[in-house]
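Here is an informal tour of one chain, looking at its charged side chains and at how a pair of its helices pack. Have the model open as you read.

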Amino acid sequence: MLRVIQRLQEESDVESGLILDQFTQNRKLEAKLVEIQSLNIAQIRSSTANWSASNASPSSTTTATAGAAAAAAAAAAGNDASSQLVDPRQLDMNLLELALISQRGSLFYRFIHDRANEEMESIGADESMQDVIMHGKDKRFYGENGLLATFGLAKRIRELMNSYLVIDAYLLKRNIDKAMRLDTYDPSAGQTSTCVDDVFFILKKVLKRAISTCDPETVASTVDTILKKLDVGYLQVFQQKMSITFAGQESSTRGNQRSIEQAKINYMVLLNNVNVSAEYIQRLAQDAEADVETAIWKDRDNDLQITSKALEMLSAGSLKFQRLLQSGLEQLMGQIIKPRIRPLFQHAYHEVKYVLEEDEYNEADVDELFVKRFRNGFDKMIAVHRSTLTEANFGTLMGLILDALTAQWERIITQTRFNQYGALRFDKDLRSVIHYLSSMTSWLSRDRFTRLNQMATLLNLEEPAEIYDYWGAKAGPVSWRLTVAEVKRILMLR
């Protein structure tokens, strides 16, 4: 039976070669690859010409512009001439056919090798039978199971997969660029612009098709291409837009306020895009694991290892998005929100003092001027951010806001005089603000207010000597965040 399997392998190499030659000819794969290469070169030249025009000196601007226009015209002419040859729908069908060929090749490889291994195991150590099977054959070119070590069909499919990768990379870039050009934002449709769902729909399709080839090298190359396209044609676009969003928006005139508010919303939408994209990348890698497990691999253990490593690299690609997101949120905080925190406290503390008589304390207890003004001002400050940002982005931004808010409040307290009634009033104000922020955000960490709470505790001591009931060995589980110098300074405010 093994002799029959050997003959089947040899014959399949011959017949599959003829079939695949005919397939390549009928689908005009070579011509399409040449045309794709020409389009890529034309695009590179056009981009180079445009870059030169934008950076040219005044004396050479006309020449550079003319060169860019000529390159663009040549590219346009090439696109018209080759529109039928590289029609995206036809190329997409070609990719499906190539993926199916690779999948069937892998299935045949598994079948013929499994049967050969079974036959070789049944023969066992019978050397005479092995000699009969290998009679007239050069053992150097055969494996332990009696089959040719170099599978002609596998070699031809490998060549086709190289064509697959070129076409796939071309279509991927084209589709991502198109999604970015057609990108729009509709607040009623979601918190991100359209390019996020469009791009990741494309990526999911590309990755799923690559896995269906059952070729680990194709999957690894496809993941590498996805990461490169995401970096250059997707993430960098967001980065460039974020860098120029607030350019020229420094003026605070009334006529410019509307454009500033729109720029702020545009910037937050970009942050949402980056945030959701980071989540989508990880989900894309996780969802692909099920397809990987059910695929027909030639060498399952080794192929799974290569494919799993590629998916890990894909998932790790979210780190670039997370770094840009953190940087963007910090810029939003520093440029838009932080300058408003000090005026927020100045307004809230207008005509509010912490040196009070009993009747003043009772009146302040009823009016709660500071708390009402703070809540009103804080609500206005974060309203647009709360309604526009994703939950995760708003949570991160609120963490940055609270860090700046508590730092500013601490500076105010260290410059304020108190008496007993004023200390009680401050303690109530602090508790009210913490309760307000807690009711607004379920994730609020009270740890951020530890220093202020400890300041309130010190200010409400009857005598300075009472500090020893809370300090040192008597502190118990309390961890003091204030230094000795800060404690002395707070106690001197009474």
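Let's settle a term before anything else: a residue is buried when its relative accessible area is under 20%, exposed when it is over 50%, and partly exposed in between (1.4 Å probe, protein chains only). A salt bridge here is a side-chain nitrogen of Lys or Arg within 4 Å of a carboxyl oxygen of Asp or Glu. As for charge, Lys and Arg count as positive and Asp and Glu as negative, while His and the chain ends are not counted.

The model is predicted, with local features needing pLDDT of at least 70 and side-chain atom pairs counting only at pLDDT 80 or more, while totals for chains, interfaces and linings use all residues. Residues are numbered from 1 along each chain as its sequence is written, and side-chain values use heavy atoms, leaving out hydrogens and water.

**The chain overall**

The chain has 17 helices and zero strands (DSSP runs numbered from the N terminus: H or I of at least four residues for helices, E of at least two for strands). Of its 494 residues, 41% are buried. Take the contacts (heavy atoms within 4.5 Å) between residues at least 6 apart in sequence: 80% of them join residues at least 24 apart.

**A buried arginine**

Which side chain of opposite charge is nearest to Arg373? That would be Glu351, 5.1 Å away, and Arg373 is buried with no salt bridge. Arg373 sits in helix α13 (residues 369–388). Its side chain does reach the backbone oxygen of His350, at 2.4 Å. Leaving aside residues up to four places away in sequence, Arg373 touches His347, Ala348, Tyr349, His350 and Val352.

**Salt bridges**

Side chains of opposite charge can pair when their charged atoms come close. The whole structure has 23 salt bridges, and three of them are set out here.

| Pair | Closest N to O |
|---|---|
| Lys320 and Asp231 | 3.2 Å |
| Glu261 and Lys264 | 3.3 Å |
| Arg451 and Glu410 | 3.1 Å |

Lys320 and Asp231 form a salt bridge at 3.2 Å. This pair links distant parts of the chain, with Lys320 in helix α11 and Asp231 in helix α8 (residues 216–244), 89 residues apart. Lys320 is partly exposed because its relative accessibility is 41%, and Asp231 counts as partly exposed at 23%.

Glu261 and Lys264 are a local affair: both lie in helix α9 (residues 254–294), three residues apart, or about one turn of the helix. Glu261 is partly exposed at 33% relative accessibility, whereas Lys264 is buried at 4%.

Then there is the bridge between Arg451 and Glu410. Arg451 belongs to helix α16 (residues 450–459) and Glu410 to helix α14, so this pair ties together parts 41 residues apart in sequence. Arg451 is partly exposed at 21% relative accessibility, and Glu410 is buried at 13%. Elsewhere, Asp92, Asp168, Lys205 and Arg209 are joined into one network by salt bridges that share partners.

**Two packed helices**

How far apart are the axes of helices α11 and α14? Helix α11 (residues 318–348) packs against helix α14 (residues 391–413) with the axes 9 Å apart and at an angle of about 40°. Axes are lines fitted to C-alpha atoms, for helices over the stretch in contact, and angles run from 0 to 180 degrees between N-to-C directions. Residues meeting across this pair include Leu325, Leu329, Ile337 and Phe345 in α11, and Leu397, Leu400, Ala404 and Trp409 in α14.

Definitions and conventions. A polar contact is a pair of N or O atoms within 3.5 Å; within protein, one must be able to donate a hydrogen and the other to accept it, and residues adjacent in sequence count only if both atoms are side-chain atoms.
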